[in-house]
Amino acid sequence: MQNKNKATLIGFIAILLWASIVGLIRGVSESFGATGGAALIYTVAAVFLVFSVGFTKLSKVPPKYLLWGSLLFVSYELCLALSIGYANTGRQAIEVGMVNYLWPTFTLMSAILFNKQKANFLVVPGFLLSMAGICWVLGGDQGGGDQGLDIASMIANVQDNPLSYGLAFSGAVIWAAYCTVTARIAQGHNCVTLFFILVAVVLWVKYLLMGGGEMDFNLRSIIYLVLAACAMGFGYAAWNVGILHGNVTILAGASYFIPVLSAALAAALLSAPLSFAFWQGAAMVCTGSILCWLATRSKTGS
């Protein structure tokens, strides 16, 4: 029980680190480009992980987890980093990050559908409220007002940069799948170091094939790069420990507050003030996720 509590605490550290990722990734991409910045982040993070976490002996890892874990993890990281990097403005990067934070709700829905997690009726309003919250964020204050949900504004907002929003939404679905697969077939193994190396390789290949691009190395950009790499690498290392050995239900519940923390930190880092309508939508996402969480807890008695 003590080891489980320790693993759960490590998972909480991941949540705090993750809350800073949106602002840091955007800060790095402004100096190094979307692809180049992401490649640098995952390269530096991979180096950190090699010396801190080390490698898992691949011969002991279930082949299915190596295949599906690698595929899903790499796909998600590409969606996350590039969706933020391709955002047109700091404000849009924060909105994209909010779309990505649908993953806690999707993770519980996946657990219910594929891992036979029991749940009650609260899961339905919880899911709907989370989705409504994202719609509120994307269409609640376009044009400088705080008029609440506006479908036409939401559509126009997404059409302004469908690639970023599409990648963010896809990433939320993919990460939910990764968490579900990890819980079922990882058998306690942590391959995060390998996964980060694979992400870095894919990003560098993409960077080279697309002709690269200029990188602005200066004190500010290097500080952002190191901080982003630390938050990314150590965050995922801690999260894997948490979901493999800790209390997944408690960690899932705590993770529902990441959107608010992330938006606040990103707004400060990117000097992108957020309206009251945005915070209303963020609160709806959090509340919807918590309802989904409560729906599963009431059946398990945990």
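This tour moves through a predicted model, from one helix to its enclosed spaces, then to an open pocket and a pair of residues far apart in sequence.

**Helix 5 and Asn100**

Begin by selecting residues 90-100, which form helix 5. Of the 11 residues in this helix, 11 are buried. Among them are Gly90, Arg91, Gln92 and Glu95, as well as Ile94, Val96 and Met98.

Next, select Asn100, which belongs to this helix. Is Asn100 buried or exposed? With a relative accessible area of 4%, Asn100 is buried because the value falls under 20%. Show its surroundings: beyond the neighbours within four places in sequence, Asn100 is in contact with Tyr76, Leu80, Ala168, Gly171 and Ala172.

**The largest cavity**

Keep Asn100, Tyr76 and Leu80 selected, since these residues also take part in lining the largest cavity. Add Trp18, Ile21, Tyr101, Trp103, Trp175 and Tyr236 to complete that lining. The enclosed volume is about 70 Å³. By class, 8 of the lining residues are nonpolar and 1 is polar, with no charged residues.

**The second largest cavity**

The model holds 3 cavities of 30 Å³ or more. For the second largest cavity, select Val53, Gly54, Phe55, Thr56 and Leu58, together with Asn190, Cys191, Val192, Thr193 and Leu194. The space here comes to about 50 Å³. Its lining comprises 6 nonpolar and 4 polar residues, and no charged ones.

**The second largest pocket**

Now turn to an open space, the second largest pocket, whose volume is about 220 Å³. Which helices each supply at least two residues of its lining? They are helix 4 (63-85), helix 6 (103-114) and helix 9 (162-185). Colouring these three helices separately will help in reading the lining.

Select the lining itself: Trp68, Leu72, Met109, Ser110, Leu113, Phe114, Val173, Ala177, Thr180, Val181, Arg184 and Ile185. Helix 9 makes the greatest contribution, with 6 residues. The lining divides into 9 nonpolar, 2 polar and 1 charged residues; Arg184 is the charged one.

**Ile13 and Ala238**

Finish at Ile13, found in helix 1 (residues 2-18). Its relative accessible area is 43%, so Ile13 counts as partly exposed, between the limits of 20% and 50%. Select Ala238 as well and draw a line between the two C-alpha atoms: the separation is 6.8 Å in space, although Ile13 and Ala238 are 225 residues apart in sequence.

How values were computed:
Residues numbered from 1 in each chain as written. Predicted model: local features only at pLDDT ≥ 70, side-chain atom pairs only at ≥ 80, totals over all residues. Heavy atoms only, no water. Helix = DSSP H or I, 4+ residues; strand = E, 2+ residues; numbered from the N terminus. Buried < 20%, exposed > 50% of the residue type's maximum accessible area, 1.4 Å probe, protein only. Contact = heavy atoms within 4.5 Å. 1 Å grid on protein atoms, 1.4 Å probe; cavity = no way out; pocket = protein on both sides within 12 Å on 5 of 7 lines; lining within 4 Å. Points joined across faces, edges and corners; volume = space filled by probe spheres on them.
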